Amino acid sequence: MGRLLTILLLFALVLHNNAASADNVAQGVKVIVIDAGHGGSFPGARYGGYSEKNINLQMALKLGAMIEKGMPDIKVVYTRKTDKNFSSNLRTDLQARADIANNAGGDLFISIHANAHPKSTATKGVETLIMGESELETSENEAILFANNKEEFFDMSDKSTAAIVRAHIQNLQFTYGEYSEVMARLVQKHYAKLGRVNRGIRKQPLRVLYATDMPSILTEIGFMTCSEELKYISSEKGQREIVTALYNAVKEYVAYVKKSVLVDVPQTEKVQSKPTPKPEPKKEQQQTATTSKSKTYYAVQVMASKS
């Protein structure tokens, strides 16, 4: 009975927070949060003398600079601009990144990572992850991904955790889930224009995406275990091309969201409140709902582009 009550309470909190987050989408894209994955004592993948954390940071800083120059009306927030971690505990570190995004009133969250496949040096390509769960998780590649990044995923074999996370995923269809997918599709489209191997969009129960109250993606820019791709993503040319692809995706996404806005509330009426972080799903955990964000705009969702 106690576990059922916990799940119901957390379901209500997820529903409330996500509904409030829909208003954040409707106000247009004013703040973009760029997350350089890993950092500090969490190096990520390490191959060929390179650490993923450093490549991620180089990409994040270059993307941010390009957005600041090309779209000066948009504020860019970085989760980190140096080689650092936010906690010695990875789960706490991931939550801290989401907290930075939420406290900044982010309208879009982009987390940059590099991939690895320890059992196949031939595997290559780019993919973008969004919050969700898919049958692909049972495939060999997904099992390897989970094994190498276990702390970054929710353990969906735990019934209580799975119930809470799936409630969040279910509710995404009413809030910003489709916006995340639109952004992911745009990213993959522009990667494909570079001739990159398009591994598509994957839905995964990632902690950092769960904790962000805004459209969010995690993009994997290439496989460090593939010598060809490692050379490319660590080169000036490769990084410039990847960052340009991400920038073009952001530019298209901003235009897409702008078209969705119906009523623009005057600037003087905008009031932004500090968001309430989602609870970490745990057994027997109880939370009460609090207000997340203020309503400033009203919008309707238009059909997402499938390009």
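These are my notebook entries on one residue, Thr225, and on the cavities of a predicted model.

**Entry 1, Thr225.** I began by locating Thr225, which sits in the loop that runs between strand 8 (216-223) and helix 8 (227-233). I then asked whether Thr225 is buried or exposed. Its relative accessible area is 9%, and because buried means under 20%, I entered Thr225 as buried.

**Entry 2, surroundings of Thr225.** Leaving aside residues up to four places away in sequence, I listed what Thr225 touches, and found Tyr47 together with Asn115, Ala116, His117, Pro118, Ser120 and Thr121. For His117 I also noted a distance between polar atoms: a polar atom of the Thr225 side chain lies 2.9 Å from the backbone nitrogen of His117.

**Entry 3, cavities.** I next turned to the search of the whole structure, which finds four cavities of 30 Å³ or more. I looked up the second largest cavity, whose volume is about 50 Å³. Which residues lie nearest its centre? Of the 10 residues that line the second largest cavity, these are Gly37, His38, Leu94, Arg97 and His113. Two elements, helix 3 (90-103) and strand 5 (108-115), are the ones that give two or more residues to this lining. Helix 3 supplies the largest share, with four residues.

**Entry 4, character of the lining.** Finally I sorted the lining of the second largest cavity by class, which gave four charged residues and four polar ones, with two nonpolar residues beside them.

Conventions. Residues are numbered from 1 along each chain as its sequence is written. This is a predicted model: local features need pLDDT of at least 70, side-chain atom pairs count only at pLDDT 80 or more; totals for chains, interfaces and linings use all residues. Side-chain values use heavy atoms; hydrogens and water are left out. Buried means under 20% relative accessible area, exposed over 50%, partly exposed in between (1.4 Å probe, protein chains only). A polar contact is a pair of N or O atoms within 3.5 Å; within protein, one must be able to donate a hydrogen and the other to accept it, and residues adjacent in sequence count only if both atoms are side-chain atoms. Contact means heavy atoms within 4.5 Å. On a 1 Å grid over the protein atoms alone, a cavity is a set of points where a 1.4 Å probe fits but cannot get out, and a pocket is an open set with protein on both sides within 12 Å along at least five of seven lines; lining residues have an atom within 4 Å of a point. Grid points are joined across faces, edges and corners, and a volume is the space filled by probe spheres set on the points. Ala, Val, Leu, Ile, Met, Phe, Trp, Tyr, Cys and Pro count as nonpolar, Asp, Glu, Lys and Arg as charged, and the others, Gly among them, as polar.
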